[in-house]
Amino acid sequence: MSYFEELGLAQPILKALANSGYDTPTPIQTQAIPPLLEGRDLCGVAQTGTGKTAAFALPSLHRFATDIKPRPLGGCRMLVLSPTRELAAQIAEKFRDYGKYLGLNIQCVFGGMPIYSQKKKLQSGADILVATPGRLLDLIEQRAVTLKDVEIFVLDEADQMMDLGFIQALKRIDLLLPKQRQSLFFSATMPKAIAELGNRFLNNPVRVSVTPQATTAERVEQYVTFVTQGRKAGLAQLSLAG
Ligand code: AMP
């Protein structure tokens with residue numbers, strides 16, 4: 001029995017995983033999937049390449065397999081926010097792979113594409129919507145989508161979101177989400193500002209980490225020298241030369 005079977009993931013998901021050739025979970029999957037299946041919120045420190053997409057996609061897809069509901073008109077049951085169009089498209093593709101036997105409606109919207117066709121696709125509602133924050137807000141303003149039915153919310157790559165200046169957009173989206181929901185928050189690094197952003201979204205989260213909080217470059221030697229102000233410039237030059 002594979003680990004994914006032991007977790008009790010629904011058969012259609014196991015079948016899709018077998019197709020992908022996955023039998024051993026990555027560390028983030030081992031840590032995240034059990035609490036997510038219990039419905040807990042999660043704060044994850046993990047980079048792309050760790051298998052984090054499956055870590056949040058698989059338990060969410062399990063909920064879709066076991067708690068079947070009609071698609072909310074003009075809304076979605078799950079919202080995944082991603083900072084870039086490339087990442088958003090990759091996430092949607094993974095959801096389509098892992099969920100291919102579940103018959104779900106998975107939509108992906110981002111800027112730089114005509115908004116009209118995206119509005120049309122969202123009219124009848126989606127099970128899962130993957131979006132970049134700016135385009136999502138445009139669609140909300142144009143009344144093409146509402147967030148009032150979101151049951152699961154994922155904020156991916158939070159540090160990139162901050163770097164790209166999405167903070168105000170994220171705060172606005174936060175106000176539009178239902179209070180009663182499961183929230184997942186991922187970032188490659190977790191400095192204070194990002195942790196504070198996470199606290200807005202999360203409720204008593206499980207914390208998982210597959211990288212140290214902040215690492216220094218391994219090949220850079222670091223040391224402390226105490227000097228008076230007058231000698232500082234000379235010493236800095238000396239260490240650069242050395
Ligand atoms: P991610 O960090 O989500 O971008 O995933 C990195 C890569 O690992 C992707 O190509 C996934 O398809 C792959 N992957 C995710 N989970 C597993 C697993 N349990 N076994 C093998 N490959 C995996």
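Good morning. I begin with the ligand, which has 14 residues around it; the closest are Tyr22, Gln29, Gly49, Gly51 and Thr53. Please keep in mind throughout that this is a predicted model.

Three polar approaches to the ligand deserve attention. Glutamine 29 places a polar side-chain atom 2.7 Å from a nitrogen atom of the ligand. Glycine 51 contributes through its backbone, where an N or O atom lies 2.8 Å from an oxygen atom of the ligand. Threonine 53 uses its side chain, with an N or O atom 2.5 Å from a ligand oxygen. Taken on its own, the ligand has 500 Å² of accessible area, and the protein covers 71% of that. Two elements give two or more residues to the shell around the ligand, namely α4, residues 52-66, and α5, residues 85-98. Sorted by class, this shell holds four nonpolar, eight polar and two charged residues.

Let me stay with threonine 53 for a moment. This residue belongs to helix α4. Is threonine 53 buried or exposed? Its relative accessible area is 19%, and the limit for a buried residue is under 20%, so threonine 53 counts as buried. Setting aside residues up to four places away in sequence, threonine 53 touches Ile91 and Lys94.

I now step back to the chain as a whole. It has eleven helices and seven strands. The C-alpha trace spans about 70 × 50 × 30 Å along its principal axes. Of the 242 residues, 48% count as buried. The chain exposes about 12,900 Å², and carbon and sulfur atoms supply 52% of that area. If we take contacts between residues at least 6 apart in sequence, 73% of them join residues at least 24 apart.

Helix α10, residues 192-201, offers a clear example of how burial is arranged. Which residues of α10 are buried? They are Ile194, Leu197, Gly198 and Phe201. These residues lie on the same side of α10, because they cover an arc of only 100° around the axis. On the other side of the helix, Lys192 and Asn199 are exposed. As for what the buried residues of α10 pack against, the partners are β5 (152-155), α8 (158-163), α9 (167-176) and β6 (182-187).

Next, two buried residues elsewhere in the chain. Glutamine 107 sits in strand β3, residues 106-109. With a relative accessible area of 11%, glutamine 107 is buried. Its side chain makes a polar contact of 3.0 Å with the side chain of asparagine 105. Beyond four places in sequence, glutamine 107 touches Arg96, Lys121, Leu122, Ala126, Ile128, Leu129 and Val130.

The second is alanine 144, found in the loop between α7 (133-141) and β5. Although it lies in a loop, alanine 144 counts as buried, at 10% relative accessibility. Leaving out neighbours within four places in sequence, alanine 144 is in contact with Gly74, Lys119, Leu122 and Leu139. Its C-alpha atom is separated by 32 Å from that of alanine 193, which is 49 residues away along the chain.

That same loop, between α7 and β5, also contains arginine 143. What is the phi of arginine 143? Its value is near 55°, which is positive, in a residue other than glycine. Arginine 143 is exposed, with a relative accessible area of 76%.

Asparagine 204 also has a positive phi, of about 45°, although it is not a glycine. Where is asparagine 204 placed? It is in the loop between α10 and β7, residues 206-209. At 57% relative accessibility, asparagine 204 counts as exposed.

One further loop residue is glutamine 180, between α9 and β6. Glutamine 180 counts as exposed, at 74% relative accessibility. In sequence, glutamine 180 and cysteine 43 are 137 residues apart, while their C-alpha atoms are 17 Å apart in space.

To close, I return to the ligand. The protein covers 71% of its accessible area, and the side chains of glutamine 29 and threonine 53, together with the backbone of glycine 51, supply the approaches I described. Thank you for your attention.

Methods. Residues numbered from 1 in each chain as written. Predicted model: local features only at pLDDT ≥ 70, side-chain atom pairs only at ≥ 80, totals over all residues. Heavy atoms only, no water. Near = heavy atom within 4 Å. Polar contact = N/O pair within 3.5 Å; in protein donor to acceptor, adjacent residues only side chain to side chain. Areas by Shrake-Rupley, 256 points an atom, 1.4 Å probe, with all protein chains shown as cover. Helix = DSSP H or I, 4+ residues; strand = E, 2+ residues; numbered from the N terminus. Nonpolar A, V, L, I, M, F, W, Y, C, P; charged D, E, K, R; others polar. Buried < 20%, exposed > 50% of the residue type's maximum accessible area, 1.4 Å probe, protein only. Arc of directions from axis to C-beta. Contact = heavy atoms within 4.5 Å.
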